[in-house]
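Colleague: I'd like a close look at one small part, and then a walk outward to whatever it touches. Could you keep it informal and spell out the cut-offs as you go?

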Amino acid sequence: MDHTQENEILVATQMYCVERPIYSYPALHGKLHKKNKVSDPIGDKIKRALICTPKKIRNIIYMFLPICKWLPAYKPREYVFGDFVSGISTGVLHLPQGPFAVISLMIGGVAVRLVPDDMYVGGGGANSTNGTEERDAMRVKVAMSVTLLSGIIQFCLGVLRFGFVAIYLTEPLVRGFTTAAAVHVFTSMLKYLFGVKTKRHSGPFSVVYSTLAVIANVKKLNICSLIVGSMCFALLLGGKEFNERFKNKLPAPIPLEIVAVIIGTGISAGFNLEESYKVDVVGSLPLGLLAPATPDSSLFHLVYVDAIAIAIVGFSVTISMAKIFAVKHGYQVDGNQELIALGICNTIGSLFQTFSISCSLSRSLVQESTGGNTQLAGCLASLLILLVILAIGFLFESLPQAVLSAIVIVNLKGMFMQFSDLPFFWRTSKIELTIWLTTFVSSLFLGLDYGLITAVIIALMTVIYRTQSPTYTVLGQLPNTDVYIDIDAYEEVREHAGIKIFQINAPIYYANSDLYSNALSRKTGVNAARIMAARRKVLKKHAKELGTKGKPQSSVVKVDAEAGGEEEEKQEEQIEENAKPMTIDSLVQKTFPEELERFLPPGPNVHTMILDFSQVNFIDSVGVKTVSGILKEYGDVGIYVYLAACSAQVVNDLTQNRFFENPCVKELLFHSIHDAVLGAKVREALAQQEALAPPPEEDSEPIVDPET
C-alpha cells in the first residue's frame, strides 16, 4: 500500500467532536467584540498617494520599462540560442508584410474610404502616375492620423487602468476570438499561395468575399507558385513533427523557417521564377528610413471612430495571445502595461510614418514555436528588419510570396487546433460552448471589431443568465454529521421531520427574486398561498355552521351600554398585548383551534423552513423584500422561516434595507444550517412541553343569580 492510500484511509477514519452552544445571530455576536477600525483622514491618504518611495519608483520603472525587470534575470545558457533562432525566423517573416493582417485591413478600409481611387487617379500617362503618387501620399497621411489617435487612446486607457476589461475576455471567448482571427489570416494568405490577384476586402463578411474571390480566380492560379508553396508547406509540417518527436534528443529545434526562406530564395533566384513563371516575389525593398513628420490632426474628426475600434481590437488581440502564452508558460499578464506599451509604440511610431501595431498571430506563434523565451527574440527580429531596411534588403528580393504564406499557414496550426475545444465544452459546459461558438461566428463574419463587441455582450448576458436561472436544491443531513447535501443526489441523506432546507447558488436580486420564491414552494412542496386559501375556505365553512346552530335572534340583541363595555375591554386587552415584549413567536400566527382541525385537508406537516444563504454573495432591495414576504407568508400559516450561514456582506445588505426593523427578526438568523436545525428542534420540543403541561388552576368564583 502506497503512502497516498495510507493518507486517504487515515483522513477517512479521523473524527472530531465539538461542543458549543446553538448560535443564532444575536447569540454569536453577543460573544464577539468588533475591532475599532479608524479610517485615515483624507489628507493622510492624499499624502500617502503622492509621496515617492523607492518601491513606487521601482514599480513605475517596471511598468514603463519592463526590460529592467526581466533582463537582470536573463539566463544566457538556457535562453540565448532559442532567442537567436526565434528572432531570426520572426524577423525574416516581417520582411514582406506589415503588422497584423486584420489591423491592416481595418486601416486600409479607412484609407480607401477617405481617399478613393477615383479622387486622384484618372486617364493615363504622366497625370495618372502623379495622381497615383498623390493618392498614396494622402493615404499614408490617413494611416498616420489613425495610428497616432489609436496610440493616444491606448495610452490614456492604460494610464486610467482600463486594462481591467481583460478579465471579461474569458478563456472560451479568447480562444474563439483567436481562432476566428486565424481564419481571417488564413484566407488573406490563400491568394499568395495560389498566386492569384484579388481585390482587397474589409468589414463584415470580408472573409467570405475574400474566399469567394480566390475561388472565382482559381482557374488563373499559378502552378509554379502553388508547387513552391506546397513544397515549403510539406517541409515545415514534416520538420515540425520531427522537432516535436525528437525534442529531447536534439540540442535545439531545427530553424525550419530560416531553412525554408533560404531554400525558397535560392530556388527563386536560380531559376528566375519571377520572370520565367510569373511567381510573385517580395520585390524591391526600399532602403533607409523616412524623415519624421507630424500626422495631420485635421483628419481626427473623420477617423476617431475607426481609431477607437482599431485601438480596442489591437489591444484585444494582443491580450488574447498574451493570455494563451501566459497559461502555457505559467506567468501573469498586466493589461494596463500592454495598453501603455501599445500606446507608446503607436504614438511615437506615427511620427515616423509607421503602421498601427498589434500582436500578429502567425509571427507570435513562429516566435514561440522556434524557441523564443524572452523579449530579446523580438529585439533581434527588430534589429534584423532594421538591417534589411538600411543595407541588405536586396538579398530577399527573390523570396517567393508563396513561401511566406506557407510559413504563416503552418504556424496557424496551433490556432486551428483550438477547434478541439468544442467537444470538451460540449461535455463540460454548454454555456462556455455558446460563448466560444458565438465569439467565433460573430468575429468571423462581422469582423474582429464588431465580433468582439458582440462576444463581450453575449458573455455578460451569460452571467445574467447564470444568476437568473441558478440551481435550487433541497438539502438533507448526512446522518450523525453536521453535513447537509442534496437529497436528490445521494441515498444516505435524510430530511428532518417537519424541517425543509432550501439552498440557492446565486445572489438574490431583482432578476431572480420572483423565481426564488416560486422555486421555494415548488421544490419543498410547501405552498403557503395554497395553505392560506384552504384555511380561509375552512373559516367560511365553520362560520356558516355556527350561523345555523347559533342562538335565538333575541339573544343577539345587546344593550348599548353592554356593547360599550365590551369595546372598552377589547381596547384594554390590545394595550396589554402591545405592552408585551416582542418575541420570535410574534412573527408566526398560531394554528387554528382544535375544533377547526377536522375541517383542514391533509397537508405537509412542516413547521420550519431553513433558507441556506451560504452561496448567496449579495442581496439587493428587491431580494430583501422578497425574503421579508416569504417570512410573512409562511408565518401567517404557522411556519417558521430561518436564515442560515449568511455572509457578512449579506447581513450588511439585509441591515441596510431595514430587514431587521423588527428586532426579533435577528433571532431567525443562525450561524450554520446545523444551528438552525437544532434551534428548530429545541423550539418544537419546548412547544410540546407547554402543550402537555396542565393548565394553571384558577380561583373559583360563586355564581350569582342575576335576578337576586
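Colleague: In which helix is Ser521 found?

Modeller: Ser521 is in helix α24, residues 513-524. Before we go on, this is a predicted model, in which local features need pLDDT of at least 70 and side-chain atom pairs count only at pLDDT 80 or more, while totals for chains, interfaces and linings use all residues. Residues are numbered from 1 along each chain as its sequence is written, and side-chain values use heavy atoms, with hydrogens and water left out.

Ser521 counts as buried, at 17% relative accessibility (buried is under 20% relative accessible area, exposed is over 50%, and partly exposed is in between, with a 1.4 Å probe and protein chains only). A polar atom of its side chain sits 3.0 Å from the backbone oxygen of Asn518. That is a polar contact (a pair of N or O atoms within 3.5 Å; within protein, one must be able to donate a hydrogen and the other to accept it, and residues adjacent in sequence count only if both atoms are side-chain atoms). Setting aside neighbours within four places in sequence, Ser521 is in contact with Val526, Asn527 and Tyr634 (contact means heavy atoms within 4.5 Å).

Tyr634 takes us to helix α29, where it is one of the buried residues, along with Gly623, Val624, Thr626, Val627, Ile630, Leu631 and Gly635. Looking down the axis of α29, these buried residues fall within an arc of 160°, so they line one face of the helix (the arc is that of the directions from the helix axis to the C-beta atoms). As a reminder, an α-helix has 3.6 residues a turn, so residues three or four places apart point the same way. The face of α29 turned away from the buried side carries the exposed residues Lys625 and Lys632.

α29 itself covers residues 621-635, which is 15 residues, and reaches 21 Å from its first C-alpha to its last, close to the expected 21 Å (the expected span is 1.5 Å times one less than the number of residues). At its N-terminal end, Asp620 acts as a cap, with a side-chain oxygen 3.3 Å from the backbone nitrogen of Val622.

For a second serine to set beside Ser521, try Ser405 in helix α19, residues 401-411. Ser405 counts as buried, at 1% relative accessibility, and its side chain reaches the backbone oxygen of Ala402 at 2.8 Å. Apart from neighbours within four places in sequence, Ser405 is in contact with Met189, Tyr192 and Leu193.

From there you can step over to α10 (171-194), which the buried residues of α22 pack against, as they do against α11 (206-216), α21 and α23 (448-468). Those buried residues of α22 are Ile431, Leu433, Ile435, Trp436, Thr439, Phe440, Ser442, Ser443 and Leu444. With 17 residues, α22 should span 24 Å at 1.5 Å a residue, and its end C-alpha atoms are 23 Å apart, which agrees. After α22 comes Gly447, with a positive phi near 100°.

The axes of α21 (residues 421-428) and α22 (residues 430-446) come within 6 Å and cross at roughly 150° (axes are lines fitted to C-alpha atoms, for helices over the stretch in contact, and angles run from 0 to 180 degrees between N-to-C directions). On the α21 side, Asp421, Leu422, Phe425, Trp426 and Thr428 meet Lys430, Glu432, Leu433, Trp436 and Leu437 of α22. By class, that contact has six nonpolar, one polar and three charged residues (Ala, Val, Leu, Ile, Met, Phe, Trp, Tyr, Cys and Pro count as nonpolar, Asp, Glu, Lys and Arg as charged, and the others, Gly among them, as polar).

Two loop residues deserve a glance too. Gln353, between α16 (335-350) and α17 (361-369), has a positive phi of about 60° although it is not a glycine, and Gln353 is partly exposed at 30% relative accessibility. Asn480 also has a positive phi, near 65°, but Asn480 is exposed, at 82% relative accessible area.

Zooming out, the protein chain has 31 helices and six strands (helices are H or I runs of at least four residues and strands are E runs of at least two, by DSSP, numbered from the N terminus). Buried residues make up 38% of its 708 residues. Among contacts between residues at least 6 apart in sequence, 81% join residues at least 24 apart.
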